[in-house]
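Open your viewer and get the selection box ready. We'll go stop by stop, and at each one you'll hear what to select and what is there.

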Amino acid sequence: MQTINDYLSSHKQGLLNELFDLLRIPSVSADPTYATDVEAAADFIKNQMTKIGLDHVSVEETPGYPIVYGEKIINPDLPTVLVYGHYDVQPPDPIELWESDPFEPVIKKTDLHPQGAIFARGASDDKGQMFMHLKAVEFLLQNQQMPVNVKFMIEGEEEVGSPSLAWYVARNHNKLKNDVIIISDTGMVANDIPAITTGLRGLAYVEVTVTGPNRDLHSGLYGGAVANPINVLTKMIAQLTDDKNHITIPGFYDRVKELSSAEREAIAKMPFDLKQYQKDLDIDAVYGEDGYSTIERQSIRPSLDVNGIWGGYTGEGAKTIIPSKAHAKISMRLVPDQDPNEIPKMFEDYFKKLAPKGVKVSVQNLHGGYPYVTPTDSPGYKAAAQAMKKAFGKEPLPIYSGGSIPIVPLFEKELGTKSILMGFGLNSDAIHSPNEHYGVYNYFKGIETISYFYDFYKKQLTK
Ligand code: BES
Ligand code: MN
Ligand code: MN
């Protein structure tokens, strides 16, 4: 019988080449100019699913980009694992900061990746990680070692808030019926500290517009006498947090669950090197809410960030105007039990109160998602931990992540099952940033780990 490690060493180049072909497709979901590429990525996934031997493979049309579905039902009486991932990627901008073409993958060695890392947009988030699942199942099917049923659902709109996936899941409860969902779209602590993500933050994302005079004005003739929307907007934003970096929106913290001191002690014991963290980001100090550590600030506490701000004249040289409008995109990361349907309303009421007379304010709710937590005593979690232990030789740590995958809490609500977040990325992978990369080691370890998961899962359920 062929083992996974035989398989990985004899197929090394092919496994890289196939992923490279996927990474070459610029499937940027946020930008309509890439629409045909996003469709091409869906088609690529469909062909892969067929190639590895899944049945009922289909590119499922939705109001947005398609969802690619495939399944292998070994025996309807056996448990079923649903694999979720995404084939869309973030825009590559700012493109000039990439050291190589974002859509022409190359392997380069780095300090953290002595075996090399694959540099390309989507290498870690999420093409590289999603693809590991297809390859692990390919191995299991080829070797008649698939112990349970598996369904794949790979979407193309994760990076824009999964609008069509909610639509699709609501219409396909039966088809998507499963016992556990497994996702690799998160990270570990380090390559020698495997981890399973047990918490994700939620999200509320708004865009605000402050409108002053009905046109841009001469700043000499009107300056000092009319509200300048950019001056006003920046003042309003400054008031959203206080001098302790608490968020000032009334009611914002009402539903926030404080952690027990035992839970906070466990977080304090997590491996974390503040000096290295600062060095990596080239900053001389961290910054955040009083009374909480860096790990807490970026995982179990809510946050508010301006993602972009624009308006007025930004071209060459000086143009003397008072702009008519100013805009900002503002995101809030949420923690249990904050509600992404309540928070934007609270934000809007407060933000409008902060505005002086002489301007109009509008707030648009872009998208959001609930926070998520999953227990460490479920069969799925235990199987994932056993698989990681076998592959890495070390028990994984349960970690809370600050990122969001809004569809995960929705799966629980709609399908009634928990998701196991067994990711293999590193924070240093530069996801959403220039020079995104994914370790070659992580890619192959991921395939290995996933191939062990299925057997442990079956054993967990038949114990
Ligand atoms: N894979 C990420 C989320 C992530 C990364 C979670 C690392 C934990 C660790 C996902 O693709 C993502 O970027 N999510 C967005 C939210 C979405 C609605 C745009 C995010 O967190 O900003
Ligand atoms: Mn992702
Ligand atoms: Mn992402």
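The tour begins with the ligand, moves on to the metals, and ends with some backbone details.

Before you click: this is a predicted model, in which local features need pLDDT of at least 70 and side-chain atom pairs count only at pLDDT 80 or more, while totals for chains, interfaces and linings use all residues. Residues are numbered from 1 along each chain as its sequence is written, chains are lettered from A and ligands numbered from 1 in the order in which they are written, and side-chain values use heavy atoms, with hydrogens and water left out.

**Stop 1: ligand 1**

Select ligand 1 and show what is around it. There are 17 residues in this shell, and Glu158, Asp185, Arg333, Ser404 and His432 come nearest. (A residue is near if one of its heavy atoms lies within 4 Å.) By class, the shell has four nonpolar, eight polar and five charged residues. Here Ala, Val, Leu, Ile, Met, Phe, Trp, Tyr, Cys and Pro count as nonpolar, Asp, Glu, Lys and Arg as charged, and the others, Gly among them, as polar.

Now color by domain. Domain 1 (4-200 + 371-461) and domain 2 (202-256 + 302-369) each give at least three residues to the shell; the bounds come from an automatic or database domain assignment.

Next, show the side chains of His86, Asp125 and Asp185. An N or O atom in the side chain of His86 is 3.3 Å from an oxygen atom of ligand 1. For Asp125, a polar side-chain atom lies 3.1 Å from an oxygen atom of the ligand, and for Asp185 one lies 2.8 Å from a nitrogen atom of ligand 1. Turn on a surface too: of the 520 Å² of accessible area that ligand 1 has on its own, the protein covers 87% (Shrake-Rupley method, 1.4 Å probe).

**Stop 2: the manganese ion, ligand 2**

Keep those three side chains on and select ligand 2. Its protein donors are His86 (NE2), Asp125 (OD) and Asp185 (OD), with Asp185 listed twice, at 2.0 to 2.4 Å. Donors are N, O and S atoms within 2.8 Å of the metal (3.2 Å for Na, K and Ca); water is not among the atoms, so sites may look incomplete. Along the sequence, the donor residues follow the spacing H-x38-D-x59-D. His86 lies in strand S3 (residues 80-86) and Asp185 in the loop between strand S7 (180-183) and strand S8 (195-200), so this pair ties together parts 99 residues apart in sequence. (Strands, E, of at least two residues and helices, H or I, of at least four are DSSP runs, numbered from the N terminus.)

**Stop 3: the manganese ion, ligand 3**

Which residue bridges the manganese ions, ligand 2 and ligand 3? Click Asp125: it bridges the two, which lie 3.6 Å apart. Ligand 3 is coordinated by Asp125 (OD), Glu159 (OE, listed twice) and His432 (NE2), at 2.1 to 2.5 Å. The donor spacing here is D-x33-E-x272-H. Asp125 sits in the loop between strand S5 (117-119) and helix H4 (127-142), and His432 in the loop between strand S17 (419-421) and strand S18 (437-439), 307 residues away.

**Stop 4: backbone details**

Stay on Asp125 and step to Asp126: a cis peptide bond joins them, with omega about 0°. Then jump to Pro336 and Asp337, where the peptide bond is also cis, with omega near -5°. Asp337 is in the loop between strand S13 (325-334) and helix H10 (343-354).

Last, select His56, in strand S1 (residues 55-60). His56 is not a glycine, yet its phi is positive, about 50°.

Conventions: Polar contact = N/O pair within 3.5 Å; in protein donor to acceptor, adjacent residues only side chain to side chain.
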